[in-house]
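Thanks for coming, everyone. Please have a look at the screen while I get the model up, and then I'll talk you through it.

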Amino acid sequence: MSGFSVDWLALREPVDAVSRNLELTGELQAWRQLHDHLSVLDLGSGTGANLRYLAPLLGDDQHWWLVDHDPAVLGRGDALLRQWAATRESNPSLEWRLLDLNRDWERLDLPDIHLVTASALLDLVSAAWLERFARRCREWRAAVFVTLSYDGTILWEPALEGDKTLRERINRHQQTDKGFGSALGPDAPATLAILLRQLGYWVMLRPSPWRLGPEHATLQTVLREGWAQTARTLAPERAGWLDDWATERRRLLEQGHSRLHVGHWDLLAWLKE
Ligand SMILES: C[S@@+](CC[C@H](N)C(=O)[O-])C[C@H]1O[C@@H](n2cnc3c(N)ncnc32)[C@H](O)[C@@H]1O
């Protein structure tokens with residue numbers, strides 16, 4: 001699975017924005033003071049949500065490279081960022097790169113990257129790719145800011161009997177190949193923290209959970225449907241409990257009684273010297 005619809009990205013963008021860890025965002029702003037000009041590489045950029053959140057917080061004189069392998073997402077991103085820039089006085093310069101990060105990561109030929117960032121990407125990647133990623137960031141001597149990586153936690157309120165089994169299925173699916181080899185899923189942030197520390201980075205990991213209430217009924221509904229579908233695909237012959245779970249969860253959602261916590265990590269790393 002590597003297709004992310006522009007509708008899905010639009011639905012999650014405002015929730016991602018309020019879920020980010022403010023302590024780490026503040027640390028990033030403090031780090032930014034060290035650079036006059038800032039060149040930023042955004043991986044799996046989608047329609048540019050990470051830029052729309054971060055660029056206004058990082059001062060003037062920024063250049064962004066946005067990399068994604070999906071031309072549809074890139075096209076929508078270009079249009080959205082033009083609209084967004086038209087409403088603002090000062091904007092970063094930016095360039096898109098259509099590229100597969102697994103196949104072409106080492107071929108991405110960019111000068112003087114100060115900050116490598118990504119949002120909602122890390123759980124897709126494999127251990128082998130993370131090593132390639134960390135090594136390259138170290139060569140650039142770039143800071144690393146990777147946000148909204150799923151941590152394996154899905155907690156519904158009120159709780160239902162099938163919640164635990166569903167979460168286990170989703171977390172098993174998280175470790176299937178998403179285009180980078182077997183994905184690390186929820187283990188990716190801690191793995192990246194270890195790799196970067198071994199390369200001499202100072203690393204901070206902080207939580208950035210989605211806390212969804214009745215006002216996020218659409219996002220909760222999309223998640224409920226997507227996860228039920230995924231769980232059914234993994235074990236179609238034993239799906240009776242899942243039908244009961246999905247029906248009861250829909251009833252709670254329709255009554256405005258459902259709350260959902262989805263855990264994420266944000267990671268910031270930089271070289272001290
Ligand atoms: C969950 S979306 C996050 C998008 C965006 N960063 C955001 O926060 O809205 C993951 C993005 O990674 C991109 N992606 C997945 N696999 C990729 C690959 N192998 N190479 C480049 N981009 C990839 C997808 O096309 C998608 O836009």
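I'll go through a strand and its partners, then two helix pairs, then a few single residues. One thing to keep in mind throughout is that this is a predicted model.

Let's begin with strand 8, which covers residues 259–271. How many of the residues of strand 8 are buried? The count is 10 of 13, so please picture this strand as mostly covered.

Strand 8 has several pairing partners, and I'll take three of them in turn. With strand 5, the pairing is antiparallel and runs over nine bridges. If you want a spot to find by eye, go to Tyr-150 and look across to its bridge partner in strand 8, His-264. Strand 6, residues 201–207, also pairs with strand 8 in the antiparallel sense, here through seven bridges. There, Tyr-201 has Leu-271 of strand 8 as its bridge partner. Then comes strand 7, residues 210–212, which is antiparallel to strand 8 and joined to it by three bridges. Arg-211 is the residue to click on here, as it stands opposite His-261 of strand 8.

Let's stay with strand 5 a little longer, at Leu-148, which is found in that strand. Leu-148 is not a glycine, yet its phi is positive, at about 60°. Is Leu-148 buried or exposed? Its relative accessibility is 2%, so Leu-148 counts as buried.

Moving along the chain from strand 5, we come to a proline in the loop between strand 5 and helix 7, namely Pro-158. The peptide bond between Glu-157 and Pro-158 is cis, with omega about -5°.

That loop leads us to helix 7, residues 163–173. Which residues of helix 7 are buried? They are Asp-163, Leu-166, Arg-169, Ile-170 and Asn-171. As for what lies over those buried residues, the cover includes strand 5 at 143–157, helix 9 at 217–234 and helix 10 at 240–254.

Now for the helix pairs. As a quick reminder, two packed helices are described by the angle between their axes and the distance between the axes.

Take helix 7 with helix 10 to start. Their axes come within 10 Å and cross at roughly 110°. An angle from 65 to 115 degrees counts as roughly perpendicular, and therefore that is the description for helix 7 and helix 10. On the helix 7 side, the contact is made by Asp-163, Thr-165, Leu-166 and Arg-169, and on the helix 10 side by Trp-241, Leu-242, Trp-245 and Arg-249. By type, the residues of this contact are four nonpolar, one polar and three charged.

The other pair is helix 6, residues 127–140, with helix 8, residues 188–198. Here the axes are 10 Å apart and the packing angle is about 40°. Helix 6 and helix 8 are therefore oblique to each other. The crossing of these two helices is right-handed. Helix 6 brings Leu-130, Glu-131, Phe-133 and Ala-134 to the contact, while helix 8 brings Ala-188, Thr-191, Leu-192, Leu-195 and Leu-196. Sorted by type, the residues where helix 6 meets helix 8 are seven nonpolar, one polar and one charged.

To finish, here are three single residues to find on the screen. Trp-31 is found in helix 2, residues 22–32. Its relative accessible area is 11%, so Trp-31 is buried. Which residues does Trp-31 contact, leaving aside its neighbours within four places in sequence? The answer is Leu-38, His-114, Leu-115, Ala-143 and Trp-270. Also, the C-alpha atoms of Trp-31 and Leu-58 are separated by 9.6 Å, with their positions 27 residues apart along the chain.

Next is Ser-45, in the loop between strand 1 at 38–43 and helix 3. Ser-45 counts as buried because its relative accessibility is 6%. Not counting residues up to four places away in sequence, Ser-45 touches Leu-66, Val-67, Asp-68 and Trp-96.

And then there is Asp-61, in the loop between helix 3 at 49–54 and strand 2 at 62–68. Asp-61 is another residue other than glycine with a positive phi, near 60°. With 45% relative accessibility, Asp-61 counts as partly exposed, whereas Leu-148 counts as buried.

That's my tour, so please shout if you'd like to go back to any of it.

Methods: Residues numbered from 1 in each chain as written. Predicted model: local features only at pLDDT ≥ 70, side-chain atom pairs only at ≥ 80, totals over all residues. Heavy atoms only, no water. Axes fitted to C-alpha atoms, helices over the stretch in contact; angles between N-to-C directions. Helix = DSSP H or I, 4+ residues; strand = E, 2+ residues; numbered from the N terminus. Parallel < 35°, antiparallel > 145°, perpendicular 65-115°, else oblique. Left-handed = near helix turned anticlockwise from the far one by under 90°. Contact = heavy atoms within 4.5 Å. Nonpolar A, V, L, I, M, F, W, Y, C, P; charged D, E, K, R; others polar. Buried < 20%, exposed > 50% of the residue type's maximum accessible area, 1.4 Å probe, protein only. Pairing = 2+ DSSP bridges.
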